[in-house]
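User: Could you walk me through this structure in a friendly way? I am just starting out.

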Amino acid sequence: MDLVDDLLSRLDQLNTIGAALSKERNTNSLLEGILIAAKNITQADGGTLYRMTEDGSALRFEIMRTNSLNLFLGGTTGNPIDFAPLQLINAEGGFNDTMVATFAAIHDRTVNIADAYVEAGFDFSGTKAFDARTGYRSQSFLAVPMKNFDGEVIGVLQLINALEPGLGRVVTFSEADQRLVESLASQAAIALSNRQLVNQLETLFESFVQLINTAIDDKSPYARDRFNRVPALTMMLASAVDTTSDGPYASFQMNERDRYELRIAGMLHDYGKIATPVHVTDKATKLQTLFDRIELISTRFEVLKRDAEIATLRQQLALRACTDPAAEAVAEQRGQETHTRIDADRAFLREVNQAQTVMTDAQLSKIRDIGTRRYWRNPDGMQVPFLSSDELENLSIPDGTLTEQEREIVNQHMVATQAMLEQVPWPKHLKNVPEYASTGRGPLDGTGLPKGLNLHQMSLQARMLALADVFEALTSADRPYRPRMKLSKALEIMVRFSKSGHIDPDLFDVFMRKGVYRHFAEKYLRPEQIDLPSFEDTAPAGLHSH
């Protein structure tokens, strides 16, 4: 091959390398690709890629490769580089430009050296010490600065020992080699700057998301860390599905971008709660609004007791005037019985207000009896039913603490999440975030979900998030409206939800078979919640059946 053909071949190789670098998302792989490409197009035996430290004071070793020594450090190899960074400023405050790499960075100039052992003006003591230890002979050097869009040096690409094709002997890096590496360094710097910019934008975006999530968390003392647990569990489940080799999801695969999109959706799944009143989401008792109204009702009972006591005393005084001790004793006994009934009714309403159990018909009937048949005089002196219509409605909630209207307010956060997220001009790789984040909660028959989607119309990612959201809510240790739930109880409820269509049964099967619940419990649940002595073979009956 003549020189022209060789140059054209290397230019074509350079173009191919540039295109490949522009597509690489992993920074370590990108850096490694840059160095390997430079070595290949120049036939260099060794090379090092340095990156400027964040404060611009030194060059940090990132990748080292020397083929003849089988030396492969940094990058994707997993072998760390423990060399100290090359400082750009010396102890006296001047430039430390006696090394090839630092000279290239400080003066923004390519350095091409034919033989390090005879070159004047540079300190190669470290190189010679390395050669003495390894038996290597460092000879030709080519150091090229890498600059970003603003013309700032962000790194140095250094190559060692150009090898003559076919002969393998060390030669000087040619002018063509230098131009090609300078071109590659320019492309590589742009690719690296682009990757850094994307990373910075992603970090900035996630920081804003976390900032708003923290604000939502801070509205409630009970929501701590929920915005981290739900996406974490979602990604655990996604990884489990990704590795499934049988069943309906055996062919499902996610790439890095797919996983990032799902994680962002998980972080945003409760975004609509920013508009949900905290006294509804944190309603711990049936009568709670901004405060627990059971205390108002307790005060009314106290008024009734005093009214009864006054009536008894008046009757006793009248009977005492008639000198009828027996009738006076009967009046006192009746007064005590009235007090006892009032105290019993007060204790009963306090108990049902806590909503610890599902209400029975007898309890509901007794609440209506107390609320509508017992009267008291309000501050205006009017005789009114003991309980207002709103108090009666709340105390008569059959299960939980929320009225139907309050449930609609809570569920509205899904619609609010979707409405807000659809206003965002999402880039292509995040275009499904609104759907994943907002359509995953509620029965999967289409009732209670935005746009009325059913199981078969929802994406698998949305169903993953739905399952994670439900399980996290059941196992959350800090819910004001129920006691801390044991893991076995949460799994039993998940079985019922799977059978009733609240969660995807096939996805739940993966959740159990792959032990996703186990990994989540070990990391996030409190020790007292994990009541299964062994995670295997001790799950509640029917756990794996649908």
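Here are some short questions and answers on helices, a surface patch and a core.

Analyst: This is a predicted model, where local features need pLDDT of at least 70 and side-chain atom pairs count only at 80 or more, while totals for chains, interfaces and linings use all residues. Residues are numbered from 1 along each chain as its sequence is written, and side-chain values use heavy atoms, leaving out hydrogens and water.

User: How far does helix H10 reach from its first C-alpha to its last?
Analyst: Helices here are DSSP runs (H or I, at least four residues), numbered from the N terminus. H10 covers residues 325-353, which is 29 residues. The expected span is 1.5 Å times one less than the number of residues. That expectation is 42 Å, and the helix comes close to it, reaching 42 Å.

User: Is leucine 197 buried, partly exposed or exposed?
Analyst: Leucine 197 sits in helix H5, residues 175-219. Buried means under 20% relative accessible area and exposed over 50%, with partly exposed in between (1.4 Å probe, protein chains only). Leucine 197 has 43% relative accessibility, so leucine 197 is partly exposed.

User: Which helix gives the largest share of the largest nonpolar core?
Analyst: A nonpolar core joins buried Ala, Val, Leu, Ile, Met, Phe, Trp, Tyr and Cys residues through side-chain atoms within 4.5 Å. The largest one has 52 residues, with Met464 among those having the most contacts inside it. Several helices give two or more residues to this core, including H6 and H15. The largest share, 9 residues, comes from H15.
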